[in-house]
Amino acid sequence: MAERLPVTVLSGFSGAGKTALLDHVRAHADGRRVAALVDGPDLLADIGHVAREGGHDAVIVETDATAEPIAIAELFAFEDAHGHDGVAEAGYRLDTLVTVVDAATLLRDWHDADFLADRGLVEAGEDDRTVVDVLVEQIEGCDVLVLNHIDEADAETLARARALVRALNPRADLVESVRGAVPAARMLDTGRFDVDTTFSNSGWQLALRGKPLPAADGIGACVYRRRRPFHPQRFADLIHTEWMREHGDVLRSKGLFWLATRMDVAGEWAQAGGVCRPGGAGAWWSALDAGDWPHDADARAEIEAEMEGPFGDRRQELVLIGRELDADALVALLDACLLNDDEMAAGPDAWAAYTDPFPSWADDHDHDHDHDRGDHGHDHDHDDQCGCGHAH
(Lines give C-alpha, C1' and ligand atoms only; values in the text may rest on other atoms or scores of the structure.)
Protein backbone atom coordinates (compact mmCIF):
# COMPACT_ATOMS: atom_id res chain seq x y z
CA MET A 1 0.00 0.00 0.00
CA ALA A 2 1.23 3.48 -0.84
CA GLU A 3 2.11 5.79 2.01
CA ARG A 4 -1.03 7.43 3.32
CA LEU A 5 -1.30 11.22 3.37
CA PRO A 6 -0.71 12.56 6.91
CA VAL A 7 -3.43 14.84 8.27
CA THR A 8 -2.78 17.48 10.92
CA VAL A 9 -5.83 18.90 12.69
CA LEU A 10 -5.38 22.43 14.03
CA SER A 11 -7.63 23.48 16.91
CA GLY A 12 -7.67 26.61 19.01
CA PHE A 13 -10.00 29.06 20.64
CA SER A 14 -10.98 32.37 19.09
CA GLY A 15 -8.01 34.74 18.83
CA ALA A 16 -5.36 32.12 19.55
CA GLY A 17 -3.77 32.54 16.13
CA LYS A 18 -4.68 29.40 14.18
CA THR A 19 -4.78 31.07 10.80
CA ALA A 20 -1.44 32.84 11.26
CA LEU A 21 0.14 29.56 12.33
CA LEU A 22 -1.34 27.73 9.35
CA ASP A 23 -0.08 30.37 6.93
CA HIS A 24 3.40 30.30 8.46
CA VAL A 25 3.71 26.52 8.28
CA ARG A 26 2.58 26.41 4.66
CA ALA A 27 5.02 29.18 3.74
CA HIS A 28 7.93 27.51 5.57
CA ALA A 29 7.20 23.85 4.93
CA ASP A 30 10.76 22.88 3.90
CA GLY A 31 9.66 21.80 0.46
CA ARG A 32 6.55 19.94 1.59
CA ARG A 33 3.42 20.57 -0.42
CA VAL A 34 0.72 21.25 2.16
CA ALA A 35 -2.99 21.40 1.44
CA ALA A 36 -5.16 23.50 3.74
CA LEU A 37 -8.79 22.63 4.45
CA VAL A 38 -11.46 24.04 6.73
CA ASP A 39 -13.45 21.64 8.89
CA GLY A 40 -16.94 21.07 7.56
CA PRO A 41 -19.70 18.51 7.11
CA ASP A 42 -17.85 16.82 4.24
CA LEU A 43 -14.39 16.94 5.82
CA LEU A 44 -13.38 13.33 5.19
CA ALA A 45 -14.64 13.47 1.63
CA ASP A 46 -12.59 16.64 1.09
CA ILE A 47 -9.46 15.01 2.53
CA GLY A 48 -10.07 11.92 0.42
CA HIS A 49 -10.29 14.07 -2.68
CA VAL A 50 -6.91 15.69 -1.88
CA ALA A 51 -5.37 12.27 -1.28
CA ARG A 52 -6.67 10.81 -4.54
CA GLU A 53 -5.71 13.90 -6.52
CA GLY A 54 -2.09 13.58 -5.42
CA GLY A 55 0.50 16.32 -5.46
CA HIS A 56 0.51 16.99 -1.71
CA ASP A 57 2.68 15.73 1.12
CA ALA A 58 0.40 16.69 4.01
CA VAL A 59 -2.97 18.19 4.87
CA ILE A 60 -3.75 20.69 7.61
CA VAL A 61 -7.38 21.03 8.71
CA GLU A 62 -8.27 24.25 10.49
CA THR A 63 -11.21 23.73 12.85
CA ASP A 64 -13.83 26.04 14.27
CA ALA A 65 -12.93 27.93 17.44
CA THR A 66 -15.14 25.69 19.60
CA ALA A 67 -14.19 22.34 18.07
CA GLU A 68 -12.83 19.62 20.37
CA PRO A 69 -10.02 17.38 19.08
CA ILE A 70 -11.61 14.15 20.29
CA ALA A 71 -14.66 14.76 18.10
CA ILE A 72 -12.40 15.01 15.05
CA ALA A 73 -10.50 11.88 16.03
CA GLU A 74 -13.75 9.99 16.55
CA LEU A 75 -14.86 11.05 13.07
CA PHE A 76 -11.75 9.42 11.60
CA ALA A 77 -12.16 6.33 13.76
CA PHE A 78 -15.83 5.92 12.86
CA GLU A 79 -15.12 6.24 9.18
CA ASP A 80 -12.28 3.76 9.43
CA ALA A 81 -14.54 1.24 11.16
CA HIS A 82 -17.88 1.85 9.44
CA GLY A 83 -17.38 3.92 6.31
CA HIS A 84 -17.96 2.51 2.86
CA ASP A 85 -14.37 3.38 2.06
CA GLY A 86 -12.30 3.24 5.24
CA VAL A 87 -9.72 5.88 6.07
CA ALA A 88 -6.90 3.48 5.21
CA GLU A 89 -8.41 2.71 1.81
CA ALA A 90 -9.02 6.42 1.23
CA GLY A 91 -5.28 7.01 1.37
CA TYR A 92 -4.94 9.32 4.38
CA ARG A 93 -4.39 9.02 8.13
CA LEU A 94 -4.85 11.19 11.17
CA ASP A 95 -1.28 12.10 12.09
CA THR A 96 -1.21 14.98 14.60
CA LEU A 97 -3.69 16.90 16.72
CA VAL A 98 -2.40 20.44 17.29
CA THR A 99 -3.92 22.97 19.68
CA VAL A 100 -2.85 26.60 19.65
CA VAL A 101 -3.39 28.63 22.84
CA ASP A 102 -3.11 32.38 23.43
CA ALA A 103 -0.52 32.78 26.19
CA ALA A 104 -1.69 36.32 26.95
CA THR A 105 -5.36 35.48 27.57
CA LEU A 106 -5.34 31.85 28.73
CA LEU A 107 -5.31 32.53 32.48
CA ARG A 108 -8.09 35.10 32.23
CA ASP A 109 -10.26 32.78 30.17
CA TRP A 110 -9.43 29.82 32.42
CA HIS A 111 -10.83 31.53 35.50
CA ASP A 112 -13.80 33.04 33.71
CA ALA A 113 -17.20 31.39 33.59
CA ASP A 114 -18.45 32.80 30.29
CA PHE A 115 -20.64 30.60 28.17
CA LEU A 116 -19.83 30.36 24.48
CA ALA A 117 -23.09 32.17 23.83
CA ASP A 118 -21.85 35.06 26.00
CA ARG A 119 -18.97 35.49 23.55
CA GLY A 120 -21.26 35.28 20.52
CA LEU A 121 -19.69 32.00 19.40
CA VAL A 122 -22.92 29.99 19.36
CA GLU A 123 -26.60 30.74 19.37
CA ALA A 124 -27.99 30.91 22.91
CA GLY A 125 -29.65 27.64 23.88
CA GLU A 126 -27.94 25.58 21.21
CA ASP A 127 -24.72 24.86 23.11
CA ASP A 128 -24.38 25.14 26.88
CA ARG A 129 -20.60 24.82 26.99
CA THR A 130 -18.42 27.49 28.52
CA VAL A 131 -15.15 28.91 27.23
CA VAL A 132 -13.14 26.85 29.72
CA ASP A 133 -15.06 23.68 28.74
CA VAL A 134 -13.65 24.09 25.25
CA LEU A 135 -10.17 25.12 26.39
CA VAL A 136 -9.70 22.08 28.62
CA GLU A 137 -10.79 19.65 25.92
CA GLN A 138 -8.54 21.31 23.34
CA ILE A 139 -5.51 21.38 25.65
CA GLU A 140 -5.86 17.90 27.14
CA GLY A 141 -6.72 16.26 23.82
CA CYS A 142 -3.76 17.17 21.61
CA ASP A 143 -0.38 15.83 20.57
CA VAL A 144 1.28 19.22 19.98
CA LEU A 145 0.46 22.29 22.04
CA VAL A 146 1.45 25.70 20.67
CA LEU A 147 1.65 28.48 23.24
CA ASN A 148 1.28 31.46 20.92
CA HIS A 149 1.56 35.23 21.43
CA ILE A 150 4.29 34.82 24.03
CA ASP A 151 5.47 38.32 23.18
CA GLU A 152 2.15 39.73 24.42
CA ALA A 153 2.38 38.14 27.88
CA ASP A 154 4.50 39.45 30.75
CA ALA A 155 7.01 37.09 32.33
CA GLU A 156 4.75 36.00 35.20
CA THR A 157 1.74 35.44 32.96
CA LEU A 158 3.82 33.42 30.52
CA ALA A 159 5.34 31.29 33.27
CA ARG A 160 1.93 30.53 34.73
CA ALA A 161 0.39 29.77 31.34
CA ARG A 162 3.29 27.48 30.54
CA ALA A 163 2.95 25.65 33.85
CA LEU A 164 -0.80 25.27 33.43
CA VAL A 165 -0.73 23.73 29.97
CA ARG A 166 2.17 21.47 30.92
CA ALA A 167 0.23 20.20 33.96
CA LEU A 168 -2.90 19.66 31.89
CA ASN A 169 -1.09 17.76 29.14
CA PRO A 170 2.44 16.61 30.04
CA ARG A 171 2.56 14.33 27.02
CA ALA A 172 2.15 17.04 24.37
CA ASP A 173 5.08 18.52 22.49
CA LEU A 174 5.06 22.09 23.82
CA VAL A 175 6.05 24.77 21.30
CA GLU A 176 6.19 28.49 22.12
CA SER A 177 5.71 30.98 19.32
CA VAL A 178 5.26 34.57 18.23
CA ARG A 179 2.61 35.17 15.57
CA GLY A 180 2.38 31.45 14.82
CA ALA A 181 6.00 31.00 13.78
CA VAL A 182 6.23 27.24 14.41
CA PRO A 183 8.67 24.94 12.58
CA ALA A 184 6.79 22.77 10.10
CA ALA A 185 8.51 19.65 11.39
CA ARG A 186 6.76 20.10 14.75
CA MET A 187 3.34 19.94 13.06
CA LEU A 188 3.57 17.85 9.90
CA ASP A 189 3.96 14.08 9.64
CA THR A 190 5.03 13.78 13.28
CA GLY A 191 3.38 10.41 13.85
CA ARG A 192 2.41 11.58 17.34
CA PHE A 193 -1.30 10.75 17.22
CA ASP A 194 -2.14 7.41 18.75
CA VAL A 195 -5.69 6.41 19.61
CA ASP A 196 -4.53 4.53 22.70
CA THR A 197 -2.40 7.33 24.19
CA THR A 198 -3.48 10.75 22.92
CA PHE A 199 -6.62 10.86 25.04
CA SER A 200 -5.40 8.87 28.05
CA ASN A 201 -2.35 10.82 29.17
CA SER A 202 -3.66 14.15 30.38
CA GLY A 203 -2.30 15.43 33.66
CA TRP A 204 -5.21 14.24 35.79
CA GLN A 205 -5.12 10.77 34.23
CA LEU A 206 -1.38 10.47 34.88
CA ALA A 207 -1.86 11.64 38.47
CA LEU A 208 -4.54 8.99 38.92
CA ARG A 209 -1.96 6.41 37.84
CA GLY A 210 0.56 7.74 40.34
CA LYS A 211 2.71 9.68 37.88
CA PRO A 212 4.15 13.02 39.03
CA LEU A 213 3.21 16.19 37.18
CA PRO A 214 5.85 18.55 35.78
CA ALA A 215 6.98 20.72 38.69
CA ALA A 216 6.52 24.44 37.95
CA ASP A 217 4.77 27.45 39.48
CA GLY A 218 3.88 25.48 42.60
CA ILE A 219 1.50 23.21 40.67
CA GLY A 220 0.86 19.77 42.08
CA ALA A 221 -1.83 17.11 42.33
CA CYS A 222 -3.87 15.61 45.14
CA VAL A 223 -5.47 12.20 44.55
CA TYR A 224 -8.43 11.35 46.77
CA ARG A 225 -9.57 7.72 47.07
CA ARG A 226 -12.08 6.32 49.53
CA ARG A 227 -14.42 3.31 49.66
CA ARG A 228 -17.26 5.03 51.53
CA PRO A 229 -20.10 7.02 49.98
CA PHE A 230 -20.63 10.72 50.42
CA HIS A 231 -23.67 11.93 52.32
CA PRO A 232 -25.35 13.82 49.46
CA GLN A 233 -26.36 16.84 51.53
CA ARG A 234 -22.93 17.26 53.10
CA PHE A 235 -21.20 16.93 49.74
CA ALA A 236 -23.60 19.40 48.13
CA ASP A 237 -23.03 21.84 50.97
CA LEU A 238 -19.26 21.60 50.48
CA ILE A 239 -19.20 22.13 46.75
CA HIS A 240 -21.31 25.25 47.07
CA THR A 241 -18.59 26.94 49.10
CA GLU A 242 -15.20 28.38 48.12
CA TRP A 243 -13.46 25.13 49.16
CA MET A 244 -11.40 24.99 45.95
CA ARG A 245 -9.94 28.43 46.57
CA GLU A 246 -9.39 28.35 50.33
CA HIS A 247 -6.59 25.76 50.37
CA GLY A 248 -4.68 26.67 47.24
CA ASP A 249 -6.04 27.26 43.76
CA VAL A 250 -7.59 24.15 42.22
CA LEU A 251 -7.19 24.60 38.47
CA ARG A 252 -8.47 21.24 37.28
CA SER A 253 -10.24 18.34 38.97
CA LYS A 254 -11.81 15.23 37.58
CA GLY A 255 -13.01 11.82 38.64
CA LEU A 256 -15.79 9.65 40.00
CA PHE A 257 -17.82 10.04 43.16
CA TRP A 258 -20.32 7.87 45.01
CA LEU A 259 -23.44 9.21 46.68
CA ALA A 260 -25.06 7.08 49.38
CA THR A 261 -28.49 7.69 47.84
CA ARG A 262 -27.42 6.49 44.39
CA MET A 263 -26.11 2.97 44.62
CA ASP A 264 -26.42 2.14 40.94
CA VAL A 265 -25.04 5.18 39.12
CA ALA A 266 -21.60 6.73 39.50
CA GLY A 267 -21.23 10.47 39.70
CA GLU A 268 -18.79 12.21 37.41
CA TRP A 269 -16.92 15.22 38.73
CA ALA A 270 -15.49 17.62 36.13
CA GLN A 271 -14.03 21.02 36.97
CA ALA A 272 -11.78 23.34 35.02
CA GLY A 273 -10.93 26.84 36.14
CA GLY A 274 -14.10 28.76 36.85
CA VAL A 275 -16.59 25.99 36.04
CA CYS A 276 -17.41 22.70 37.74
CA ARG A 277 -20.13 20.27 36.77
CA PRO A 278 -21.21 17.18 38.70
CA GLY A 279 -23.32 14.76 36.72
CA GLY A 280 -23.98 11.10 35.96
CA ALA A 281 -21.18 8.89 34.64
CA GLY A 282 -23.01 5.60 34.08
CA ALA A 283 -23.70 2.47 36.10
CA TRP A 284 -21.16 1.05 38.51
CA TRP A 285 -20.06 -2.35 37.22
CA SER A 286 -21.09 -3.93 40.50
CA ALA A 287 -24.65 -2.69 39.90
CA LEU A 288 -24.83 -4.84 36.77
CA ASP A 289 -25.10 -8.54 36.23
CA ALA A 290 -21.65 -9.94 35.41
CA GLY A 291 -23.14 -11.27 32.20
CA ASP A 292 -23.40 -7.68 31.01
CA TRP A 293 -19.70 -7.03 31.52
CA PRO A 294 -17.37 -7.03 28.49
CA HIS A 295 -16.44 -10.50 27.29
CA ASP A 296 -12.83 -9.57 26.61
CA ALA A 297 -10.65 -11.28 29.24
CA ASP A 298 -8.37 -8.28 29.82
CA ALA A 299 -11.31 -5.89 30.20
CA ARG A 300 -13.02 -8.21 32.67
CA ALA A 301 -9.79 -8.57 34.63
CA GLU A 302 -9.55 -4.78 34.94
CA ILE A 303 -13.12 -4.60 36.20
CA GLU A 304 -12.54 -7.39 38.71
CA ALA A 305 -9.44 -5.59 39.97
CA GLU A 306 -11.61 -2.58 40.86
CA MET A 307 -13.87 -4.67 43.10
CA GLU A 308 -13.35 -4.39 46.85
CA GLY A 309 -15.53 -5.49 49.74
CA PRO A 310 -19.34 -5.63 49.73
CA PHE A 311 -19.78 -2.55 47.52
CA GLY A 312 -17.66 -3.66 44.58
CA ASP A 313 -16.24 -0.87 42.44
CA ARG A 314 -18.21 1.93 44.11
CA ARG A 315 -15.73 4.51 45.34
CA GLN A 316 -14.52 8.09 45.52
CA GLU A 317 -11.72 8.68 43.01
CA LEU A 318 -10.91 12.33 42.46
CA VAL A 319 -7.83 14.13 41.17
CA LEU A 320 -7.30 17.77 42.07
CA ILE A 321 -4.58 19.71 40.25
CA GLY A 322 -3.71 23.20 41.36
CA ARG A 323 -1.27 25.75 42.65
CA GLU A 324 0.02 25.62 46.23
CA LEU A 325 -2.52 23.01 47.27
CA ASP A 326 -2.92 22.10 50.95
CA ALA A 327 -3.66 18.44 50.28
CA ASP A 328 -4.31 17.58 53.93
CA ALA A 329 -6.92 20.32 54.25
CA LEU A 330 -8.65 19.32 51.00
CA VAL A 331 -8.73 15.66 52.03
CA ALA A 332 -10.16 16.61 55.43
CA LEU A 333 -12.99 18.56 53.78
CA LEU A 334 -13.87 15.62 51.55
CA ASP A 335 -13.59 13.12 54.40
CA ALA A 336 -16.11 15.16 56.37
CA CYS A 337 -18.63 14.45 53.60
CA LEU A 338 -18.27 10.67 53.92
CA LEU A 339 -20.75 8.62 55.92
CA ASN A 340 -19.58 8.14 59.48
CA ASP A 341 -19.40 4.73 61.17
CA ASP A 342 -22.96 4.83 62.48
CA GLU A 343 -24.31 5.87 59.08
CA MET A 344 -22.33 3.13 57.38
CA ALA A 345 -23.75 0.56 59.79
CA ALA A 346 -27.30 1.65 58.94
CA GLY A 347 -26.88 0.33 55.39
CA PRO A 348 -28.20 1.23 51.92
CA ASP A 349 -31.89 0.98 52.83
CA ALA A 350 -31.43 3.77 55.38
CA TRP A 351 -29.21 5.76 53.03
CA ALA A 352 -31.94 5.86 50.41
CA ALA A 353 -33.97 8.14 52.69
CA TYR A 354 -31.23 10.79 53.01
CA THR A 355 -31.88 14.24 51.60
CA ASP A 356 -30.36 14.39 48.14
CA PRO A 357 -30.23 17.87 46.54
CA PHE A 358 -28.48 16.75 43.34
CA PRO A 359 -30.50 16.77 40.10
CA SER A 360 -31.66 13.46 38.70
CA TRP A 361 -29.16 11.48 36.66
CA ALA A 362 -31.89 9.26 35.25
CA ASP A 363 -31.12 10.31 31.69
CA ASP A 364 -27.35 10.45 32.11
CA HIS A 365 -25.85 7.26 30.70
CA ASP A 366 -28.40 4.89 32.25
CA HIS A 367 -26.85 2.08 30.24
CA ASP A 368 -23.46 3.65 29.60
CA HIS A 369 -20.22 2.56 31.23
CA ASP A 370 -17.72 5.17 30.11
CA HIS A 371 -16.28 5.41 33.61
CA ASP A 372 -14.37 2.16 33.19
CA ARG A 373 -12.15 3.57 30.47
CA GLY A 374 -9.83 5.46 32.76
CA ASP A 375 -10.79 8.81 31.26
CA HIS A 376 -14.28 8.72 32.81
CA GLY A 377 -15.74 9.69 29.48
CA HIS A 378 -15.71 12.82 27.38
CA ASP A 379 -19.37 13.61 27.66
CA HIS A 380 -21.01 16.94 28.34
CA ASP A 381 -23.74 16.20 30.85
CA HIS A 382 -24.00 19.73 32.14
CA ASP A 383 -27.00 19.18 34.36
CA ASP A 384 -25.63 20.94 37.42
CA GLN A 385 -23.01 23.57 37.94
CA CYS A 386 -21.67 23.95 41.43
CA GLY A 387 -21.40 27.30 43.14
CA CYS A 388 -17.92 26.90 44.59
CA GLY A 389 -16.78 30.21 43.23
CA HIS A 390 -17.50 28.88 39.75
CA ALA A 391 -20.31 29.04 37.24
CA HIS A 392 -23.93 28.93 38.30
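These exercises work through the contact between two domains of a predicted model.

Residues are numbered from 1 along each chain as its sequence is written. Local features need pLDDT of at least 70, side-chain atom pairs count only at pLDDT 80 or more, totals for chains, interfaces and linings use all residues, and side-chain values use heavy atoms, with hydrogens and water left out.

**Exercise 1. Find the domains and state how many residues each gives to the contact.**

Step 1. Take the bounds, which come from an automatic or database domain assignment. Domain 1 covers 5–201 and domain 2 covers 206–352.

Step 2. Place the centres. Over C-alpha atoms, they are 31 Å apart.

Step 3. Count the contact residues, where contact means heavy atoms within 4.5 Å. Domain 1 supplies 21 residues and domain 2 supplies 18.

**Exercise 2. State the area buried between domain 1 and domain 2, and name the three residues that lead on the domain 1 side.**

Step 1. Fix the term. Buried area is the accessible area (1.4 Å probe) that two parts lose on being put together, summed over both.

Step 2. Read the total. About 1500 Å² is buried, and carbon and sulfur atoms give 61% of this area.

Step 3. Name the leaders. His111, Arg160 and Ala167 supply 29% of the area that domain 1 buries against domain 2, more than any other three residues.

**Exercise 3. List the polar links across the interface, then the helices behind the domain 1 side.**

Step 1. Count salt bridges (a side-chain nitrogen of Lys or Arg within 4 Å of a carboxyl oxygen of Asp or Glu). The rule finds three between domain 1 and domain 2.

Step 2. Look at one pair. Arginine 160 forms a salt bridge with aspartate 217, with the closest N and O atoms 3.5 Å apart.

Step 3. Count polar contacts. Each is a pair of N or O atoms within 3.5 Å; within protein, one must be able to donate a hydrogen and the other to accept it, and residues adjacent in sequence count only if both atoms are side-chain atoms. Eight residue pairs across the interface qualify, both residues being at pLDDT 80 or more.

Step 4. Assign the helices (DSSP runs of H or I, at least four residues, numbered from the N terminus). Helices H5 (106–111), H6 (131–140) and H7 (155–168) each give two or more residues to the side of domain 1 that touches domain 2. H7 gives the most, with six residues.

**Exercise 4. Decide whether H6 is mostly covered or mostly open.**

Step 1. Apply the cut-off: buried means under 20% relative accessible area (1.4 Å probe, protein chains only), exposed over 50%, partly exposed in between.

Step 2. Count. In H6, 10 of 10 residues are buried, and the helix is mostly covered. Among them are Asp133, Glu137 and Glu140.
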